[in-house]
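Student: I would like to go through a structure by question and answer. Please keep the steps short.

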Amino acid sequence: MTIKEIKGIDVKVYCDELENGLKIFLIPYSERKNYFIDYVVKYGAEVDKFISSHTGKKVKEPYGVAHFLEHKMFEQEDGVNPFDFFSKTGTDANASTGYRLTSYTADGIVNIEENLNYLLNYVNSPYFTDENVEKEKGIIIEELNMYKDRPENVLYEESNKVLFKKHPMRIDVGGTPSSVKKITKEILYECYDTFYQPNNMFLLVAGNFDVESVINVIKNNKKLNEKKSKNEIKVFKSGEPVEVNVKEKEIKIKNIMVPKFILNVKSPMRNLEGEEKYRYMVATDILLYVIFGMSSEFREKMLKRNLYTLFYSSSVVVDDLLLFEFVAESNNPNELKNEILKYLKEQKITKEDIERVKKVKISLEVMESDKPHIMLDIAVDELLDYGDILYNKIDLIKSITLDDLNKVRKDILVDNYSYIVGYPKK
Amino acid sequence: MEYIKKETPTYNLHMIKTNKFKTTSIEIIFSRELKKEEITIMNFLASIMTYTTKKYNTKLKFSQKMENLYASKVFASSYRLGKNINVDFNMKLLNDKYAEEGLLEESLKFLSEIIFNPNVDNNEFDQESFDVIKNDEQSQIERFKEDSRRYSTLRLMELTDSTKPFSYNLKGYLEDLKKINRKNLYDFYKEFIKCQIIDIYIIGDIDFDKTEKIVSDNFKFDIVKSNQNDFMIEWNNHREKIQEVVESDKTNQAKLSISCRLENINKFERNYVLNIYNLILGGTADSKFFKNIREKYSLCYYASSGANKLDNLLVISSGITKDNYSKIMILIEKEMNDMRKGNFDDIEIEKAKKYYISNLEEIEDSPNQIIALYYSMDKLGADDVETKKKMINKVTKDDIVALSNKVYIDTVFLLGGDKK
């Protein structure tokens, strides 16, 4: 076990790795009452084509398998519902699926050893039958129906359809009612066996717990330690091109009161890893904040012209693409869209701007580190994005210069955008 | 953790000292009776006060000031407690260690500027800020309808009893928004800042004497403290027959919402038994609703209940396929009847108690929850954590059965699900 410190925010991380390749990260907060467990699989809805560990052959699965698996992991051979076990000690348990990962969580005050043991047991012992798989379809289809009535979900899904030509993000994480109906227990076992391997998973705990006893539980959990990382996982990327699928599209959405849009600028991402990649992403963050953040000239001017009532921006890497996403509610969406693109191209940035925003970013890092569950989420993101927790991030943020921002700016293909706008259905 | 309350002629100052957090949190709570016609203007006022001030008179200056205070967050929020409405001005800032010395004083001065020095000229609010906030309020009111779950709950409350404060839309009303101008907004401000019960909470690694002095130097209210109103909403208009309303809408999923009256419940039932009843019925992922309606019959993704002790109300909600409406109603009534008949075991009671206690313990990890706890002890006569733990363990099966028989379905509302 090694102990590392995240410098500048007073957080210590205890790291360990099991023989079977599972990486463990423990982040104790001795002053707190609560603990949070997060058991993460690097397998989410963006994976649909891969080499099956059953047959060694390439397969393409229906959409929504990762999410379906997440629902079904709560099914156990002895018929006991995990919620039944956790609730005995007032512990909350949950799970969620995204495009990149599936995560199983538990949080509580007492009984961490038994609860952790239990969580490790059920995620490591799948029990799928034709009957219990069939039964789940009704619940999942109701879940999908719920999202289909939410305007923001509809707009988001449509925006991914104009942005991507091939990427599975074109489809909702949960799949579609017809793809869900195609899922069988054989498919679930095939995906489970391929991806739920120790070297493709992380285990994190944050909050109030004793490091030694938690490590003991993990090292003595039979189901987990019996598991071997069998084969290398081979996933086929979608081959998503840099060009957007559709540049501009208008749709009508039920229940929308004021028009809303999502604008995505799609650019190739540099081939970077670890700290270099982090510095690049911090530079994109700062760039967006300076141009579009709370204290930007952009916001002040657009508000004066009554051009938006909601607006936010973010950046993300998908495959080898860098995406800038702008979400807004506006009575004059086309005009606002043009202004965003113009500012992204032309807005001048000064050294003072960058220093001010760096201070904000560092303050936010400290504030977020005050909440163990947020700290866990950040650690998971860093593990996926950069391959490790960033122990040096405050110094890395401090090191960002105008040159870094200019480099990002040169990389952005501002005219390669996709724009979807939803109008009220009268 | 150390708590101290200082009463002054115009406000109460509550200070909580703890070194558990890297931040200090401040809440200034303005409390008054909720009047339907005041909701919109009160939201408007709280928004404009946290948008610009006289000194920081543009959005840019205001935002840069917050950034210079190490990304301190300032925002106003309003929420209903029974018959009353609270408007909170919140601020969260880093401890000096991560920022610089004197940040607390600087931040309190900024909050004082927000409250006492609004962006007003010639007895009117600044035009530019007014226009921006007006657009924003309008879109917030309109946007309310976009969330059909939230919308159907409000419609349910209107159908249940439109004269009671629980049926008011806290986002406000378009017809009231139209009446607001820069002048009457300022008049309202002057009245708002005077006719209030004001409580200031500060929690963090603070020095009591120093903090008290900074507050008294910077917060000089020109009011006479009034007495706290009572909170409870009473409504004993017992319906002979359950009211059932079905409204069609071309959505994929129908929203089922049910209101239940809690009739003549006593203090112990209100504060303790009700929690256990609700947790067993539909409050968790281990509840009767979840286990039976979702897991056993796979009829929905969610089915849950929530109790509001100040409103004497319990609300049940679920998202369903419209064709399953009567099937689900039978199941919901069956679960409620099972509660009345005592068809639940001691394990379920024990679990609900553990869950309740666990939530109590968690309060200590959140500055805002700690403030809410002290506020409820101060204003609502709530028990402290240790007493609550003792009392919850006194709840028996008989208590729960007795309460179950005071829960009456009032109105059933089904919205939408008509897209084919």
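The questions below go from whole chains to helices and then to single residues.

Student: What kind of model is this, and how many helices and strands does chain A have?
Tutor: This is a predicted model. For chain A, the count is 16 helices and 14 strands.

Student: How many helices and strands are in chain B?
Tutor: Chain B is described by its own set of elements, numbered separately. The count for chain B is 15 helices and 13 strands.

Student: What radius of gyration does chain A have, and what would a compact globule have?
Tutor: Chain A has 426 residues. A compact globule with that many residues would be near 22 Å. The value for chain A agrees with this, at 23 Å.

Student: What is the radius of gyration of chain B?
Tutor: Chain B has 420 residues, and the globule rule puts a compact chain near 22 Å. The C-alpha atoms of chain B fill a box of roughly 60 × 50 × 40 Å along the principal axes. The radius of chain B agrees with the globule value, at 24 Å.

Student: What share of the residues in chain A is buried?
Tutor: Buried means under 20% relative accessible area. Chain A exposes about 17,300 Å², with 48% of that from carbon and sulfur atoms. Of the 426 residues in chain A, the buried share is 59%.

Student: What part of the accessible surface of chain B belongs to carbon and sulfur atoms?
Tutor: In chain B, 59% of the 420 residues are buried. The accessible surface of chain B is about 17,400 Å². The carbon and sulfur part of that surface is 47%.

Student: In chain A, what percentage of contacts between residues at least 6 apart joins residues at least 24 apart?
Tutor: A contact needs heavy atoms within 4.5 Å. Counting pairs at least 6 apart in the sequence of chain A, the portion that joins residues at least 24 apart is 81%.

Student: How far apart are the mean positions of the positive and negative charges of chain A?
Tutor: Chain A carries 63 positive and 70 negative charges. Take the mean position of each set. The two means are separated by 6 Å.

Student: And how far apart are the centres of the two sets in chain B?
Tutor: Chain B has 66 positive and 68 negative side chains. The distance between the centres of the two sets is 3 Å.

Student: Are the buried residues of helix 8 of chain B on the same side or on opposite sides, and what arc do they cover?
Tutor: Helix 8 of chain B runs over residues 208–218, and B:Phe208, B:Thr211, B:Ile214, B:Val215 and B:Asn218 are buried. They lie on the same side of the helix, because they cover an arc of only 135°.

Student: Which residues are exposed on the other side of helix 8 of chain B?
Tutor: The buried residues of this helix are covered by elements of chain B that include strand 1 (2–7), strand 2 (12–17), helix 3 (103–116) and strand 8 (197–204). On the other side, the exposed residues are B:Asp209, B:Lys210 and B:Lys213.

Student: What do the buried residues of helix 15 of chain B pack against?
Tutor: In helix 15 (residues 397–404), B:Ile400, B:Val401, B:Leu403 and B:Ser404 are buried. They cover an arc of only 165°, which puts them on the same side of the helix. Their packing partners in chain B are helix 9 (267–283), helix 11 (325–341), helix 12 (346–362) and strand 13 (407–415).

Student: Which residues does A:Asn145 touch beyond four places in sequence?
Tutor: A:Asn145 sits in helix 4 (residues 130–148) of chain A. Its relative accessible area is 11%, so A:Asn145 is buried. The residues it touches belong to chain B: B:Asn252 and B:Gln253.

Student: Is A:Pro333 buried or exposed?
Tutor: A:Pro333 lies in helix 12 (residues 333–346) of chain A. Beyond four places in sequence, its contacts are A:Pro259, A:Phe261, A:Tyr419, A:Val421 and A:Tyr423. The relative accessibility of A:Pro333 is 3%, so the residue counts as buried.

Student: What is phi of B:Tyr70?
Tutor: B:Tyr70 is in the loop between helix 2 (59–68) and strand 4 (73–81) of chain B. B:Tyr70 is buried, at 13% relative accessible area. Its phi is positive in a residue other than glycine, near 55°.

Terms used. Residues are numbered from 1 along each chain as its sequence is written. Chains are lettered from A and ligands numbered from 1 in the order in which they are written. This is a predicted model: local features need pLDDT of at least 70, side-chain atom pairs count only at pLDDT 80 or more; totals for chains, interfaces and linings use all residues. Side-chain values use heavy atoms; hydrogens and water are left out. Buried means under 20% relative accessible area, exposed over 50%, partly exposed in between (1.4 Å probe, protein chains only). Helices (H or I, at least four residues) and strands (E, at least two) are DSSP runs, numbered from the N terminus. The arc is that of the directions from the helix axis to the C-beta atoms. The radius of gyration is taken over C-alpha atoms; the globule rule is 2.2 Å times the number of residues to the power 0.38. Accessible areas come from the Shrake-Rupley method with a 1.4 Å probe; for residues, only the protein chains shown count as cover. Lys and Arg count as positive and Asp and Glu as negative; His and the chain ends are not counted. The place of a charge is taken as NZ of Lys, CZ of Arg, CG of Asp or CD of Glu.
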